[in-house]
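Work through the exercises below with the sequence and the 3D view open. Each task is followed by a stepwise solution.

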Amino acid sequence: MAEAALIWGGAALMVGLIVGSYWISFRRRERLDHARLEEAVELGLQRPVGQFPYIDASRCIGCSACIDACPEGDVLGIVGGLAKVINGVRCIGIASCATACPVGAIEVGLGDVRGRADIPVLNEDRETNVPGIFIAGELGGLSLVRNAVDQGRDTAYGIAEGYACGGDVSVPGYVDVAIVGAGPAGLSAALASVEKGLSYVVIEQQADFGGTIYQYPRRKLVHTQPVDLPLHGRLDKPEHSKEELLELFEGLVRRYDLAMRFGERVLETESTEHGYRLRTTAGEHFARHVILATGRRGTPRKLGVPGEDLSKVMYQVRDAELYRKQRILCVGGGDSAVEAAMGLANQPGNEVTISYRKDRFYRIKRKNQERIEEHIRRGLVKALFSSTVVSIEGQVVRLRCGEEEVVLDNDWVFIMIGGVPPFPLLRKIGIRFGDDLVVAASNNGGNTAHSPAP
Ligand SMILES: Cc1cc2nc3c(=O)[nH]c(=O)nc-3n(C[C@H](O)[C@H](O)[C@H](O)COP(=O)(O)OP(=O)(O)OC[C@H]3O[C@@H](n4cnc5c(N)ncnc54)[C@H](O)[C@@H]3O)c2cc1C
């Protein structure tokens, strides 16, 4: 009898210990996620960029499977026992959370775009309210390489159909279509244009093609869903390395000798008798139609300090391994700046400083926070908080740190302070957004004119 009681007591203790330790770690995680949510709301980070996870609170069981499945790590958290979007701006739309949810409580999508000032209103052909101006790819709100390729291709096919059925005609001096951006959407539109015999030009602000893919870290695995790339065929591997995808695009760019204008940013478009004039940083182009495939990440934000035009100043780190025994300054306090600083600090002989205008890092992933603290503690990265760059010179950088001027010996400066979003350009063109629908509806007794295509 006493033996049985001992066994039962031991078993109960074991169960109690297991449940108790799970409960403690669950509560700890929840407290952390609650603090992250508060900080994210303060910084406006919980708002999504494009599509994002919708969590049905009545079905969520708070099991964290969605959090563990997210490749970005910190988009979701558990608050009040339920999954919540915390760092919505980092959602890349892969929807692994929805797949992992055991009770089907998550859907990833754009939701009701009425009221959203960052989702342009498109018809089913992806044409904006400005006739002849179309939007393809992430700029329309949906991310993922597959969506970009699909939309770029279908938009160009749609324009080609107009010519094929005689509803449209080519005009001398005008290309049939100007494609702005050489990411997957722009490249797919260009290949579809070649396939359908449209005249076209691709205008890309960077020095190379690939768009966001080009910016991924080296050897990043890109999760891809099956998609038909014009003049190539089906891409059906579930994963490609960044390098593989770029190589594939490069082969197509060469093979079809695509008409690309690199290093040229489109500044504005204005309508003409036959279509549009696109003014760029290098001149102008005339086009019957325009496909805007600029993505949503915008143009790198500049500091606007003397010396920023020196060739040692960069806005992204493409390959940290190329920098050794260098004196480097990274500017910024987000994940990109912190990841760049750590990546560069881990190369032999580099001396890396990070300058941030605030008094600590506020809006970075938990994992990055821990890693950068460790790098700073070990002297691998020197952090200058509450500092601003005053000027960049050949061999030095001058900074202001409170009242003090700090002069650093320097070979390279990486400025990673975010991007200027593409929406002002669209508004300048006259393109309407989701929030315009709300205004239209309230002027119209609550009836919205139409909803955008998904
Ligand atoms: C970290 C990260 C990881 C991701 N991982 C995946 C993944 O695993 N799988 C997946 O499917 N998707 C992933 N995505 C999303 C995917 O990369 C994007 O959805 C896709 O690249 C969007 O393609 P796009 O052609 O619409 O735009 P982008 O790829 O952003 O290309 C837009 C191009 O337009 C150019 N441009 C912008 N403005 C102008 C202008 N005014 N004039 C001229 N050119 C201009 C830009 O320089 C850029 O080259 C990820 C995104 C990020 C940020």
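**Exercise 1. The ligand shell**

How many residues surround the ligand, and which are the closest?

Solution. Keep in mind that this is a predicted model.
- Step 1. The ligand is surrounded by 36 residues.
- Step 2. The closest of these are Gly137, Gly181, Gly183, Gly211 and Gly295.
- Step 3. Map the shell onto secondary structure: the elements that give two or more residues to it are helix H4 (145–164), helix H5 (184–196), helix H6 (212–215) and strand S8 (221–223).
- Step 4. Sort the shell by class: 17 nonpolar, 14 polar and five charged residues line the ligand.

**Exercise 2. Two helices of the shell**

Find how H4 and H5 pack, and which residues make the contact.

Solution.
- Step 1. The two helices, H4 and H5, pack at an angle of about 35 degrees, and their axes are 7 Å apart.
- Step 2. Their crossing is right-handed.
- Step 3. On the H4 side, the contact residues include Val145, Ala148, Val149, Gln151 and Gly152. On the H5 side, they include Pro184, Ala185, Gly186, Ser188 and Ala189.
- Step 4. By class, the contact of H4 with H5 comprises 10 nonpolar, six polar and two charged residues.

**Exercise 3. A second helix pair**

Describe the packing of H8 and H9, and classify the angle.

Solution.
- Step 1. Helix H8 spans residues 335–345 and helix H9 spans residues 366–377.
- Step 2. They pack at an angle of about 40 degrees, with 10 Å between their axes. H8 is therefore oblique to H9.
- Step 3. The crossing of H8 and H9 is left-handed.
- Step 4. H8 contributes Asp335, Val338, Glu339, Met342 and Ala345 to the contact, and H9 contributes Asn368, Arg371, Ile372 and His375.
- Step 5. These contact residues divide into four nonpolar, two polar and three charged.

**Exercise 4. Domains**

Which domains does the assignment give, and how do domain 1 and domain 2 touch?

Solution.
- Step 1. The domain assignment gives domain 1 (42–109), domain 2 (133–298 + 421–442) and domain 3 (313–419).
- Step 2. The C-alpha centres of domain 1 and domain 2 are 29 Å apart.
- Step 3. Six residues of domain 1 contact seven residues of domain 2.
- Step 4. The side of domain 1 that touches domain 2 has three nonpolar, three polar and no charged residues.

Methods. Residues are numbered from 1 along each chain as its sequence is written. This is a predicted model: local features need pLDDT of at least 70, side-chain atom pairs count only at pLDDT 80 or more; totals for chains, interfaces and linings use all residues. A residue is near a molecule or strand if its C-beta atom, placed from the backbone, lies within 6 Å of it. Helices (H or I, at least four residues) and strands (E, at least two) are DSSP runs, numbered from the N terminus. Ala, Val, Leu, Ile, Met, Phe, Trp, Tyr, Cys and Pro count as nonpolar, Asp, Glu, Lys and Arg as charged, and the others, Gly among them, as polar. Domain bounds come from an automatic or database domain assignment. Axes are lines fitted to C-alpha atoms, for helices over the stretch in contact, and angles run from 0 to 180 degrees between N-to-C directions. Angles under 35 degrees count as roughly parallel, over 145 as roughly antiparallel, 65 to 115 as roughly perpendicular and the rest as oblique. A crossing is left-handed if the near helix is turned anticlockwise from the far one by less than a right angle, and right-handed if clockwise.
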